[in-house]
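Q: I am new to this structure and would like a close look at a single part of it, followed by a view of how that part sits among its surroundings.

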Amino acid sequence: MSIIIKTPFRSSDLETDPIVYGLRPEELRQGIYQLYNDKSLLITGTRGIGKSSFCYQLQKIIKGDDTLLKRCALEISMPKFITVSYVCTPDDTIETIILSIINDLEEQIEECREKYKIRAKEFDVTIFGIIKSKIAIEETETKKYNTLVTSFIEIIHKYTQVYVEPHINIVLDELDQINPRYNIAHFIKVVLEQLNRKGDDYLSFILVGQNSLFDILNNSQPAFHRIVKHINLLPLDEEYSRDVLQACLKRSEIPTEIEDKCEDLFLNITCGYPYNIQLLGNETFNCMLERYNNIPNEFTIVEKDLLGGLKNVIVSEEQRYAILLETLESDEKGVVFTLADVDVKSFPYEFTKESIEAGLSIQDNEIRKEEARRMVKSLLKKQIIREVENAITREKKYVFQEEIFRIYLFDRINNEKLLSLYD
């Protein structure tokens, strides 16, 4: 008999529960301080690090939920914000993004009337239709851009004239997806500066994307770094990763525990990446269910469940890993396979620049060292590896960005030597 119960892990969508969210106390403090002062944020980080979840939780706080503030021991009386969130795509332009934001603000008018104190005059909703018509009839790209800027400023200004301190926050997620030629950095800078001149300091943006987004925005608008607080998200500390895992297990329909040794291995493999905690947790939980013939009073996750879950993750992620390998040059690929082909006793596998040198078939010592330095920079930029530093000795080492990717490479080289032991 098979047991089917709801998984306590969320691997396919955002973690919306502030109780289960992996704490980032300092980053949250910085973010909330900026938003409290109606200043903008730039959130960057690698895939799976939790950028979108971080922004979701920030907006949850500024809409009135103080759960995370209490968890982080932050005392602040936040005003309530009108919030908009938009996920960008490669097909987007400034026009499609701004029109979507305008539509969202239009739809929130009735809700805002109930939540916020209103001045003597009502908000004239016909302005939305007038502005969208203005944008639609502009024929040239320059005229359309100018109309977008003035129209967007007009709408924000109208909000500030009608609502009492109507703080507005706009999240633009995956902003690195849009074509840099649209220069969203210049648009945002112009909008904020002109609103500032009007005394309407109630608008803030949260811009979200991969690590390359900082360079994209700063290159297109050199002064851009002055108008945003840049927060680069790093993997969760082990303590906070453990909190996420345990909080997920607590919301299981049937009480679920994980053996201590298995929990340590789980945390070492997922390396503080919230996405990997949820993904591996989900697959491990499903493998655990397969061992039970009937519903017990309590479930226990053991190492066999974890290894089975890991194998399932590798199967599901194999196509993405193959694409990741295609981004590498042939010599980089050779070094990556050499680094991965280590039967480690503990995870994650740490290595040095000298380990990379050892993987290069270059006789000349100086040339080999220089090539290793170049390769480290390239693999860091391509997000294959990341740098770690010993807190005590300050010694710099490297680990794979995703330890599960390294395990996948090891198993591919050794014909599933590691995972086949647990079949």
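Which are the buried residues of helix α11 (residues 260-270)?

A: The model shown here is a predicted one, and the description below starts from helix α11 and then moves outward. In helix α11, which covers residues 260-270, the buried residues are Cys 262, Glu 263, Leu 265, Phe 266, Leu 267, Ile 269 and Thr 270. These buried residues pack against several other elements, namely the helices α10 (238-250), α12, α13 and α17 (403-413), together with the strands β6 (256-258) and β7 (299-301). Just after α11 comes Cys 271, whose phi is positive, with a value near 55 degrees.

One of the packing partners of α11 is α12, a helix that runs over residues 274-291. Because a helix should advance 1.5 Å a residue, the 18 residues of α12 should span 26 Å, and the C-alpha atoms at its two ends are indeed 26 Å apart, in agreement with that expectation. Helix α12 is also mostly covered, since 13 of its 18 residues are buried.

Another partner of α11 is α13, and this helix leads to the nonpolar interior of the chain. The largest nonpolar core has 85 residues, and those with the most contacts inside it are Ile 43, Ile 206, Ile 384, Phe 400, Phe 405 and Leu 409. Helix α13 (residues 303-326) supplies the largest share of this core, with eight residues. A second core, separate from the first, has 50 residues and includes Ile 127, Val 149, Ile 184 and Leu 203. As a general background, nonpolar side chains in soluble globular proteins tend to be buried together. Within the largest core, Ile 206 deserves a separate word: leaving aside neighbours within four places in sequence, Ile 206 is in contact with Leu 35, Leu 41, Ile 43, Cys 55, Leu 58, Asn 169, Ile 170, Val 171 and Leu 172.

Elsewhere in the chain, helix α6 (residues 126-137) and helix α7 (residues 141-162) pack at an angle of about 170 degrees, with 9 Å between their axes. Since an angle over 145 degrees counts as roughly antiparallel, α6 and α7 are therefore roughly antiparallel to each other. On the α6 side the contact is made by Ile 127, Phe 128, Ile 131, Lys 134, Ile 135 and Ala 136, while α7 contributes Lys 144, Thr 147, Leu 148, Ser 151, Glu 154, Ile 155, Lys 158 and Tyr 159.

Helix α7 also holds Thr 160, which is buried because its relative accessible area of 4% falls under the 20% cut-off. The side chain of Thr 160 reaches the backbone oxygen of His 157 at 2.6 Å, and a polar contact of 3.3 Å joins the side chains of Thr 160 and Asp 200. Not counting residues up to four places away in sequence, Thr 160 touches Arg 119, Pro 166, Asp 200 and Tyr 202.

For the chain as a whole, there are 18 helices and nine strands, and the C-alpha atoms fill a box of roughly 70 × 65 × 40 Å, taken along the principal axes. Of its 423 residues, 49% count as buried. Among the contacts in the chain with a separation of 6 or more, 74% are between residues 24 or more positions apart.

Definitions and conventions
Residues numbered from 1 in each chain as written. Predicted model: local features only at pLDDT ≥ 70, side-chain atom pairs only at ≥ 80, totals over all residues. Heavy atoms only, no water. Helix = DSSP H or I, 4+ residues; strand = E, 2+ residues; numbered from the N terminus. Expected span 1.5 Å × (residues − 1). Buried < 20%, exposed > 50% of the residue type's maximum accessible area, 1.4 Å probe, protein only. Core = buried A, V, L, I, M, F, W, Y, C linked by side-chain atoms within 4.5 Å. Contact = heavy atoms within 4.5 Å. Axes fitted to C-alpha atoms, helices over the stretch in contact; angles between N-to-C directions. Parallel < 35°, antiparallel > 145°, perpendicular 65-115°, else oblique. Polar contact = N/O pair within 3.5 Å; in protein donor to acceptor, adjacent residues only side chain to side chain.
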